[in-house]
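Open the model in your viewer and keep the sequence panel beside it. The tour moves from one selection to the next and says what is there.

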Amino acid sequence: MGKAGKKRVKKKTKTVKKKTTAKKKRPSTRKSKPEAKKPEKVVEEIASRELKIHATAEDMARRQREISVAEFFTKNRHLLGFDNPRKALLTTIKEGVDNSLDACEEGGIPPDVKVVITPSEDEDRFRVTIEDNGPGVLKKQIPKIFAKLLYGSKFHRLKMSRGQQGIGISAAGMYGQLTTGKPIAITSKISRNKPAHYYELEIDTKRNEPRIIVDEQIDWPVRRGTKVEIELEARFQKGRQSVEEYLEQTAIANPHVSLEFVTPDGETKLYERASKELPVETKEIKPHPYGVELGVLIKMLHDTKARTLQSFLHSDFSRISSRVAKMICEQAKVSERSRPSRIARQEANNLFKAINNTKIMNPPTDCLSPIGEELIRAGLKKQIEADFYTSVTRPPSVYRGNPFQIEAGLAYGGSLPGDKLARVLRYANRVPLLYQQSACAITRSVLTTGWRNYALQQSAGALPTGPLIIMVHMASVWVPFTSESKEAVAHYPEIVKEVRLALQECGRHLAVFIRRRRKAAESERKKAYIHKYIPHIAIALREMLELSDRQEKTIVTQLTDVLERSRT
Amino acid sequence: MSKLATRIKETATSVRSRIQRKGKPTLSFPLRSLSNVKYHPKKGFFELKGKKKTRTLTVATVKTFAQTLRMMSQAKTLVEDDEIMTKREAYYVSKNWDEARFDEQPESDTVIDDIEALFQVNREQLGFIPEEKGGEIAGKLIVIDREPDSGKPLRIDCTKFGSGAYSIPISVEHLKFETKAKFILAVETAGMFQRLVKHGYWRTANCILVSMGGVPTRACRRFIRRLADELKLPVYAFVDCDPYGMFNIYRTLKVGSGNAAHINRYFCVPTATFLGVTPQDIVDYKLPTHPLKEIDIKRATDALKNDPFVQHYQPWRDAIKQLLDMGVRAEQQAFAVHNLNYVIEHYLPEKLAASKKFLP
């Protein structure tokens, strides 16, 4: 998977720093400690209540201590998508593949990703291997990237990428570690001439630091790339919300990717690339003033390197010219020459209000890389056998100061089941969203679109019925997910509206197709119809005019000719 | 070959030659509706104005077109063989036509009506006869029919049916008549007819009684027409005082209908006049009434607006306006309010005394 440490970091956002000293402690001990602690505390409290001896502030202070991010997520694994063994398997593969794709794209390499699930001795355990041909990860970065939560390159920048937070892959490693006691294994090579490094890592969950178990150089007969192996408690399943579905949907939205998948049964599935064109490299942008909250503004004022308020506004935000910066200062009644770090809370508040009262241009949109109408169709065609494909890429738009762009695609007819509800494929920055469909803004838009206008059936408040797949992609520098497990897009009105506009446009294309097809069927039906009745005209004429059989046949031929010509 | 069979054959030939010239064959029919008739006061019936509908053979019409031609072929056979077939039988015969068969009898009836209009003849001439009863006769009339087997003349005395009556046959063209009656009274309801027969009204009034049973059938209209023409007898209609009795029953009896405009010349009784019940009778005889129904009002206003017959006669327009103003209707049985035989003893004699004043 992604070797680009940067990328990984951002996505996964494992920002916690690992300390190598953590090595000695066993993760399991750590884990048990926090757990043990709580029960103790409870017992204590109950005991003290019974004795009517209340805890003093000192007593409490003794129990108050820092909670590591890793510990927090150990207890709240569902927030990261590890609720159950089935989902854990999917999430692990998803995090690995997302990282690989981000890294390859950032490195300008058409991604070849291989996912292998091997059964382990224990029935409920699997070993997951994710291997890519990306740029690899620098040796010194490997431990932090793969064994420290919230460490990465993607969180602090505004750039469109699959990963955002720097949690994913290390959380997967931690989940494996917690459920099987096995470390996460990383192999990485950054160029043909350099050796490959093999690491086995654990997370010191108390301190959120990596612990290196194995660190050696090995021979790895590839040019470059990264391989991640995690053993975890999991359940392999087919069908909906399965690994296979995730990979298939990934292949649709990422036609430039070649995926290979080896199932636990040893079956190999290939999702070949349909396009060699890599997505356009996106630019990183500065935050747009409309998307910044007061607290963030205060922090930025404090952290900036700019000397004056005017230059701070101009240089640390997008779309604020010196002139606009001056206007904002004037409106806030703060001198544009004051030092940003000296701005008081009240002044900051005025500044915040002034920003939102000033008309500021929308953020630049070269930070977005849509899939593109053509490639959406290519991706759909590659994986779905249908009669009709269409796609629409909307112009970029903005929610809360964040640029985003909506794309939609439809596949209709063919092998799709005609009597079922349409299937919705949701994507955020090219990553399929498989869970929490009903909580998602995309689903809301699909439901509130009037599909009956487009020659489809739709019951009130339901998805349309018919042989239809609806694909929606949201590209943004910051996708507003409803939770850290990134399963549903939040309901910003701007997003709901853009999705609906994209769907309506696709719907219009589809309606043209459906109506044309109905018309063709109708004309076919008419043809059959005239063939049914023409012979009777000939029979009647033969009877009345005492014609021969041959003359009767001639009439049929001539009449068929006349009527068929007239249909056009 | 009969003249009609020849005409059918001519039509078929024109269809065929049009096909041979790679054209779309057409059949054109006079439009059968009130909008395509005019009232001809001299001739006394509704006459076609000449609007035609042309049925061109297209994808949409191919089924009806095929059915029309097959039915024409059937008619030609009937005419040539001097055979008859009821409309119901025609419907069943079509069941041999595979896809071209009729699913319901009204479909085949329409096609028969179309062919009838196409050749401007009545369907009986084509050999198609209706199932419906033709109406009943009682009174001073001798009908001379033929015995079905031998063809020997058969004299039927309509005074000899006791409390029953003579049924008008479906085809009346071959009948001959003898009578000494003074007039013909056409009655709307079978109930009123029964009362008049039971009390021998035809004997006291010296007349022929006809029960129309609602809108008179073609056979009934033709029968009365022949009586009127050949015996030179006046015809008086005695129906309910409502728009249905006036226009659906009486108007059809006198001048024919829009639907049968192509044959009205034979199937109406231009000399008929309207004895009653008139709106004025309601007043004069203090008849119990019912309020006009919505459909009655619609019929009356439609008649004022669209019916060429009503438009021609001021007295009828006045009568309708009077009825609409009164807002009520009365049935011919309403005279029972005075006395069961009040109609025989008072109403009819009083009205007949002034037959010149009958509505036209």
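Start by selecting Lys333(A), which is exposed, with 10 other C-beta atoms within 10 Å; the cut-off for exposed is 12 or fewer. This is a predicted model, and every value quoted on the tour is computed from it. Lys333(A) sits in the loop that runs between helix H11 (322-332) and helix H12 (345-357) of chain A. Check its backbone: phi is near 55 degrees, a positive value in a residue other than glycine. Most residues other than glycine have a negative phi.

Next, go to Glu546(A), in the loop between helix H15 (493-545) and helix H16 (549-566) of chain A. Its phi is also positive, near 50 degrees. Is Glu546(A) buried or exposed? With 9 other C-beta atoms within 10 Å, Glu546(A) is exposed.

Stay in chain A and select two helices, H5 (residues 85-106) and H7 (residues 168-180). Two packed helices are described by the angle between their axes and the distance between the axes. For this pair the angle is about 145 degrees and the axes are 8 Å apart. The crossing of H5(A) past H7(A) is left-handed. To show the contact, pick Ala88(A), Thr91(A), Thr92(A), Glu95(A), Gly96(A), Asp98(A) and Asn99(A) on H5(A), then Gly168(A), Ile169(A), Ala172(A) and Tyr175(A) on H7(A). Coloured by class, these residues come out as four nonpolar, five polar and two charged.

Now zoom out to the whole of chain A. Its secondary structure consists of 16 helices and 18 strands, and 47% of its 568 residues count as buried. Taking the contacts in chain A between residues at least 6 apart in sequence, 75% join residues at least 24 apart.

Switch to chain B, with 14 helices and 17 strands. Chain B has 360 residues, of which 41% count as buried. Here 73% of the contacts between residues at least 6 apart in sequence join residues at least 24 apart.

Show both chains and select the contact between them: 22 residues come from chain A and 24 residues from chain B. On the chain B side, helix H1 (3-20) and helix H2 (62-81) each supply at least two residues. Which helix gives the most to this side? H2(B) does, with nine residues. By class, the chain B side has twelve nonpolar, four polar and eight charged residues.

Hide chain A and select helix H8 (residues 218-231) of chain B. A ruler check is possible here: at 1.5 Å a residue, its 14 residues should span 20 Å, and the end C-alpha atoms are 19 Å apart, which agrees. The buried residues of H8(B) include Arg218(B), Arg221(B), Arg222(B) and Arg225(B), as well as Phe223(B), Ile224(B) and Leu227(B). To see what the buried residues of H8(B) pack against, add strands E11 (176-179), E12 (183-187), E13 (207-211) and E14 (235-238) and helix H9 (243-255) of chain B. Just after H8(B), click on Lys232(B), where phi is positive at about 55 degrees.

The last stop is the peptide bond between Gly276(B) and Val277(B), which is cis, with omega about 5 degrees. Most peptide bonds are trans. Val277(B) is in the loop between strand E15 (273-276) and helix H10 (279-284) of chain B.

Notes: Residues numbered from 1 in each chain as written. Chains lettered and ligands numbered in written order. Predicted model: local features only at pLDDT ≥ 70, side-chain atom pairs only at ≥ 80, totals over all residues. Helix = DSSP H or I, 4+ residues; strand = E, 2+ residues; numbered from the N terminus. Buried ≥ 20, exposed ≤ 12 C-beta atoms within 10 Å, placed from the backbone. Contact = placed C-beta atoms within 7 Å. Nonpolar A, V, L, I, M, F, W, Y, C, P; charged D, E, K, R; others polar. Expected span 1.5 Å × (residues − 1). Axes fitted to C-alpha atoms, helices over the stretch in contact; angles between N-to-C directions. Left-handed = near helix turned anticlockwise from the far one by under 90°.
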